[in-house]
Amino acid sequence: MDNRVFALDIGTRKIVGLIMEKKGNDLHVLDSEMIEHQTRAMLDGQIHDVEAVAEVIREIKKRLEERNGIVLEKAAVAAAGRALKTEWGETKKKRAMLDEITQEEVRALEIEAVQEAQLKLVQDNLQGQDKVSYFCVGYSVVYYELDDQKIGSLVGQRGSLIKTAVIATFLPRVVVDSLLSSLKRAGLDILSLTLEPIAALSITIPPNMRLLNLALVDIGAGTSDIAIVKNGDIVAYAMVPIGGDELTEVLAGQYLLDFDTAETLKRNLAENEEVKIADILGNEILISREEAVKVMEPVIIELCQQVAGYILTLNGKVPDAVLLVGGGSLTPTLLPRLADELKLPGQRVGIRTPDKFGKFSLKADYLKGPQGATPLGIAYYSLTHPPAPFIKVQINGREIMLWNTGEINVGKALLSSGIPLNNIYGRPGLGKTIEVNGVVKVIKGEIGTPPVIRVNGEEAGLETLVQEGDIIEFIPGKEGKEARVLVRDLLNIEDTYVLVNGERVDLKPKIEINGVPAGMEDEVPDRAKVTWQRKVLVREVLLLAGVAPEYMEEKVYRYYLNGQEMFLRWYPLKVKVDGRAAGLEEEVAPLAELQYEYNRLRPRLRDIVKDGEINKIRVIVNDREIILNSRPREIKVDGQKADLDSEITEGMRIEIDREKNGAILSDIFRLIQIEPASSGRLVMEVDGEPAGFTTPIYDNSRIKIRWEK
């Protein structure tokens with residue numbers, strides 16, 4: 001069935017399957033089937049639900065098989081251009097001059113050029129840290145050369161040096177793998193794989209039109225693919241991530257429609273001036289084409305601007321004409337808007353339909369419009385271009401398709417699977433250069449290991465040839481471990497000790513790495529400066545002895561006593577070294593004896609207010625100072641009653657209540673004697689006011705006592 005092909009156009013909105021037969025120069029579509037997705041299983045040309053897509057493919061395959069009494073085993077497919085990358089590849093080859101160049105020889109030359117393009121792509125990705133694995137989905141020959149002269153075709157020619165250049169197109173493997181998984185689940189193998197713009201261009205712009213500078217734009221549901229031809233060559237491909245779905249979504253948002261209803265509205269507006277439709281609330285609305293176009297206009301403008309921008313960038317100038325295919329090309333006002341963006345006359349931007357492709361026998365309406373270009377192109381491309389020679393192998397349990405150039409080794413297979421080959425041999429671990437007290441030391445890293453490669457369970461190498469169905473196991477070589485150096489590896493130090501409260505405490509040297517304190521088990525980084533000395537501070541010895549750090553912190557407390565701001569310096573610890581008082585920052589010599597005792601961690605009220613001060617008051621009696629006992633006065637801290645064992649906190653306010661001291665004027669007569677007078681009366685005053693024996697007296701009260709006649 002070499003003259004017949006089963007082609008599938010797996011689109012964002014629908015899948016079209018057709019059987020095309022070639023008889024001589026004529027092409028006949030024997031049968032076709034189209035089914036729309038019931039869910040949004042695809043977005044922007046990318047399969048998101050493999051099983052849902054596979055189910056549609058199975059149904060199309062089943063209907064075509066039943067109607068035509070055949071079994072379909074392989075399918076020609078094309079991938080959408082989302083996230084595509086293009087790369088230029090060239091190759092040349094010396095040969096026997098007298099032999100005619102065969103088609104197989106040219107094919108092998110082209111595939112070598114594709115591999116060159118793939119190698120360049122992998123290298124570019126490694127330099128840019130791009131971790132995405134790419135797969136070649138198609139290529140276009142830019143030119144052939146025979147003995148350094150350009151020629152239209154090499155087949156049948158004679159010469160000693162043949163050369164070709166190609167533009168190879170690549171997609172992320174995740175895109176291709178999802179496509180192949182859908183085919184496999186539907187019971188199909190792949191016959192040929194290409195890119196949608198390559199397929200559309202192959203049938204839309206035949207070679208005899210490629211002397212013109214033309215741009216082909218395929219506007220699908222999820223993406224808009226672009227191809228540029230000039231001077232007989234295909235020079236560039238690109239993709240714009242906007243398509244018909246964006247138009248549908250803006251209609252759905254404007255008129256409160258679900259996606260499928262909005263899609264129906266969009267299609268009906270292409271043929272009708274007005275369309276009646278119901279929104280999600282059941283309201284019937286009448287929408288005119290003019291009104292709907294205004295709603296879609298922002299998206300149409302954005303689409304045309306992006307398409308025009310890519311065309312001008314890729315082509316370097318305005319092309320002679322722009323040809324549009326795909327269902328999205330029927331969008332009202334799209335053609336004149338694109339012509340305006342490119343500053344082309346309106347007649348230079350037009351839609352290309354299958355009736356202009358050549359002699360086709362088409363029955364289905366969905367193949368007759370511009371939307372038929374891609375499915376027809378996929379089938380046509382597969383019939384007119386020998387299917388890409390693929391073989392399947394497994395690499396680390398994953399099935400990989402490879403371009404078969406006759407001799408594929410493990411290295412090429414790994415490269416095609418997206419595994420970079422630049423670091424498969426384990427590199428030696430990095431060494432370290434360290435300066436210790438001014439002396440430089442060099443420590444080497446661990447040696448790396450080679451990779452492990454097995455083909456069908458047998459040990460192999462990168463040059464081992466692989467065949468269809470081979471199972472490749474690849475484990476990259478492990479890099480040697482970086483040199484790991486601990487402080488103890490650098491220093492040979494004998495321990496010493498001191499006695500702390502009679503107990504032995506081993507002293508550790510004072511070690512720093514780049515000025516930061518370190519211990520014997522700390523790791524030393526590369527190019528570090530390590531310094532050490534035996535001098536140890538009292539503070540460090542106490543830490544080794546188990547004294548909590550908080551007991552070695554001197555604190556200054558600010559407080560207010562009866563409104564007056566005051567400060568208290570507090571040391572929670574008392575320390576002696578060899579019998580003398582010592583500070584925490586003093587150095588301790590080996591074998592020294594250190595004693596410490598704990599004070600309270602935090603001071604209390606009794607440390608600033610003595611018992612006597614609480615129970616005594618000072619008064620001035622007839623200009624004489626008297627201190628007398630009184631009952632305990634009331635203490636308040638921050639307005640609450642407190643006692644002398646209350647802890648002092650920062651900023652606390654202490655009040656000793658003078659009015660609660662329990663002293664009265666008569667209490668002073670226990671300390672002074674007033675000689676009685678034979679006549680007159682006793683006059684007593686407190687702070688200038690008349691007083692009696694029970695009048696309260698306070699700190700600093702001024703008392704006057706005298707006899708008046």
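A residue counts as partly exposed when its relative accessible area lies between the buried range, under 20%, and the exposed range, over 50%. In the predicted model described here, Glu-479 has a relative accessibility of 46% and is therefore partly exposed. Glu-479 belongs to the loop that runs between strand S28 (471-475) and helix H11 (487-490). From Lys-94, Glu-479 is separated by 385 residues in sequence, and the C-alpha to C-alpha distance between the two is 41 Å.

Two other residues fall on the buried side of the scale. Lys-266, a residue of helix H6 (residues 259-269), has a relative accessible area of 17% and is buried, because this value is under 20%. With residues up to four places away in sequence left out, Lys-266 is in contact with Gly-244, Asp-245, Leu-247, Thr-248 and Leu-251. Thr-331 lies in the loop between strand S17 (321-325) and helix H8 (334-342). The relative accessible area of Thr-331 is 11%, so this residue is buried as well. Under the same exclusion of residues up to four places away in sequence, Thr-331 touches Leu-247 and Ile-300.

Leu-247 and Ile-300 also take part in the contact between helices H5 and H7. Two packed helices are described by the angle between their axes and the distance between the axes. For helix H5 (residues 244-255) and helix H7 (residues 289-315), the angle is about 130° and the axes are 9 Å apart. The two helices are therefore oblique to each other, since an angle of this kind falls outside the ranges under 35, over 145 and 65 to 115 degrees. The crossing of H5 past H7 is right-handed. On the H5 side the contact is made by Glu-246, Leu-247, Val-250, Leu-251, Gln-254 and Tyr-255, which meet Glu-291, Ala-292, Val-295, Met-296, Val-299 and Ile-300 of H7. Nine of the residues in this contact are nonpolar, one is polar and two are charged.

A second helix pair is formed by helix H1 (residues 50-68) and helix H3 (residues 173-185), which pack at an angle of about 50° with their axes 8 Å apart. H1 is therefore oblique to H3. Here too the crossing is right-handed. Val-50, Glu-51, Val-53, Ala-54, Ile-57 and Arg-58 of H1 meet Ser-178, Ser-181, Ser-182, Leu-183 and Arg-185 of H3. By class, the residues of this contact comprise five nonpolar, three polar and three charged.

Among the strands, S6 (residues 74-79) is largely enclosed by the rest of the structure, because five of its six residues are buried. S6 pairs with strand S1 (residues 4-10) in the parallel sense through two bridges, with Ala-7 opposite Ala-76 of S6. S6 is also parallel to strand S11 (residues 189-195), to which six bridges join it. Ala-76 has Ser-192 as its bridge partner in S11.

In a regular strand the side chains alternate between the two faces of the sheet. Strand S23 (residues 432-436) has a covered face made up of Lys-432, Ile-434 and Val-436, whereas Thr-433 and Glu-435 make up the uncovered face. S23 runs antiparallel to strand S24 (residues 439-443), with five bridges between them. Glu-435, on the uncovered face, is placed opposite Val-440 of S24. The hairpin of S23 and S24 has two residues between the strands, and Asn-437 in this hairpin adopts a positive phi near 45°. S23 is further joined by two bridges to strand S33 (residues 529-533), and this pairing is parallel. Val-436, on the covered face, has Val-530 as its bridge partner in S33.

An open sheet of five strands, with mixed pairing, follows the order S30-S29-S40-S37-S38. Strand S30 (503-507) and strand S38 (580-581) are at the edges and have a single partner strand each, so one side of each lacks a neighbour in the sheet. S30 is antiparallel to strand S29 (residues 496-500), and five bridges join the two. Within this pair, Val-500 is opposite Glu-503 of S30.

Key:
Residues numbered from 1 in each chain as written. Predicted model: local features only at pLDDT ≥ 70, side-chain atom pairs only at ≥ 80, totals over all residues. Heavy atoms only, no water. Pairing = 2+ DSSP bridges. Helix = DSSP H or I, 4+ residues; strand = E, 2+ residues; numbered from the N terminus. Buried < 20%, exposed > 50% of the residue type's maximum accessible area, 1.4 Å probe, protein only. Contact = heavy atoms within 4.5 Å. Axes fitted to C-alpha atoms, helices over the stretch in contact; angles between N-to-C directions. Left-handed = near helix turned anticlockwise from the far one by under 90°. Nonpolar A, V, L, I, M, F, W, Y, C, P; charged D, E, K, R; others polar.
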